[in-house]
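Reader: Please show me the model, and then explain how the terms used for it follow from their definitions.

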Amino acid sequence: MSNEHHRRSNDLPEPEADAFAHSQRLSKHIEAEITAKGPLSFARFMELALYAPGLGYYSAGAHKLGREGDFITAPDLSPLFAQCIARQCAQVLTFLHEGDILEFGAGSGNLAADILLSLEEQKILPRHYFILEISADLRQRQQACLAKRIPQWLDRIVWLDTLPATFRGVILANEVLDAMPVHRFKIQQGQIQECFVDFAQGAFVERLLKATNPCLLEAVQSLDKYLTEGYESEVSLTIAPWLASIHAFFQQGLILLIDYGFVRREYYHVQRNAGTLMCHYQHRAHSNPLIFLGLQDITAHIDFTHVAETAQKLGLEIAGFTNQASFLLSCGLAELLASSTNDIAAQWAINQQVKMLTLPSEMGELFKVMALTRDLPIPLVGFTLQDWCNRL
Ligand SMILES: C[S@@+](CC[C@H](N)C(=O)[O-])C[C@H]1O[C@@H](n2cnc3c(N)ncnc32)[C@H](O)[C@@H]1O
């Protein structure tokens, strides 16, 4: 999501009647689960708010991505983003001689379209471009987008319902990890409290209860040296099983993860004592996940040290870690920009896109790129200018 839209706002616009009714249906669904089971862990609440079948923010018909939606991601800001990623893909596909691409959570479909167009130009198309999209609504939009933009390559694009049995090639996940449910905690009187969501007097409320979930306790205890009294934050208990599920079928190649986040000591810095949870609603960012259910995105930053540790335990190599600006420049952003157009007005617009992608005050610094590899002994082009693996 571009920083342009990270403004905090207290005056959030009221939803239209249809959207409000939809939100009420999702609220009833979550309320029913609370009535049946008691307060929900925040992670379960977030899972339902985003992915409850037919109702959640990603599962149902909210606009979500793009100028008419709630936020804009890099692939929809500029095709240059995809062209740079395509160069990284081309290097790996060339080394492997033959391989596939698998994109998780493909959003509007523009990243897939622009990568395939660029690889066509470079004459190194993958055998298949697989998409694994858990949102039925986004899957339909991707199908429409790709049928319109690259009908000539539709036979190579395959939407998967389950993970493949084996895979060689490049796996891509842009802003996917940040959309995975997180557990929230607070340190109170030296104890770890977990944040639950309850329903009381007609509204969702947060409740802090003594943490008993052993996985949460283990994750928070491992952060011990960073946490002070009153400290609130979140941990991901979903990224590790997700990576393990990929590792089970990933035979050779590159996993490229792009998302906003920090190394652990920055993530759990003493000054970031309220965590990183954020909601996106009609291009406004705010911090209340209990409102506008099904109408707003809920997201948390990524602890890339956690991702690296998990990958290492699985036997993957951490082959690169840098910020988005450096990755794009290493992949040849400047040359792509120079050759993009001769039209002055169009050039101005493209320059603006490049600024959004690379300026430290926009997406250039907060967004990181991590490369995990298996049996891929080549220096990756995206990390030639800068590699921060030793900072993890
Ligand atoms: C913030 S959107 C980003 C979409 C797109 N990658 C982009 O950059 O525009 C998050 C996406 O991740 C998807 N997602 C979340 N968890 C997923 C998972 N476990 N497998 C596949 N997709 C997932 C959501 O359905 C949604 O499409």
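**Terms and values**

Author: Leu376 has a relative accessibility of 6% and therefore counts as buried. This is a predicted model, in which local features need pLDDT of at least 70 and side-chain atom pairs count only at pLDDT 80 or more, while totals for chains, interfaces and linings use all residues. Residues are numbered from 1 along each chain as its sequence is written, and side-chain values use heavy atoms, with hydrogens and water left out.

Reader: Why is Leu376 called buried?

Author: Buried means under 20% relative accessible area, exposed over 50%, and partly exposed in between, with a 1.4 Å probe and protein chains only; Leu376 is at 6%, so the word buried applies.

Reader: Which residues does Leu376 touch, not counting those up to four places away in sequence?

Author: With contact meaning heavy atoms within 4.5 Å, Leu376 touches Val92, Phe95, Leu96, Gly253 and Leu254.

Reader: What makes Glu133 a polar contact of the ligand?

Author: A polar contact is a pair of N or O atoms within 3.5 Å, and an N or O atom in the side chain of Glu133 is 2.8 Å from an oxygen atom of the ligand. For Gly105, a backbone N or O atom lies 2.6 Å from a nitrogen atom of the ligand, and for Asn174 a backbone N or O atom lies 2.7 Å from a ligand nitrogen atom.

Reader: How much of the ligand does the protein bury?

Author: The protein buries 94% of the 600 Å² that the ligand exposes when taken alone, areas that come from the Shrake-Rupley method with a 1.4 Å probe.

Note on methods: Polar contact = N/O pair within 3.5 Å; in protein donor to acceptor, adjacent residues only side chain to side chain.
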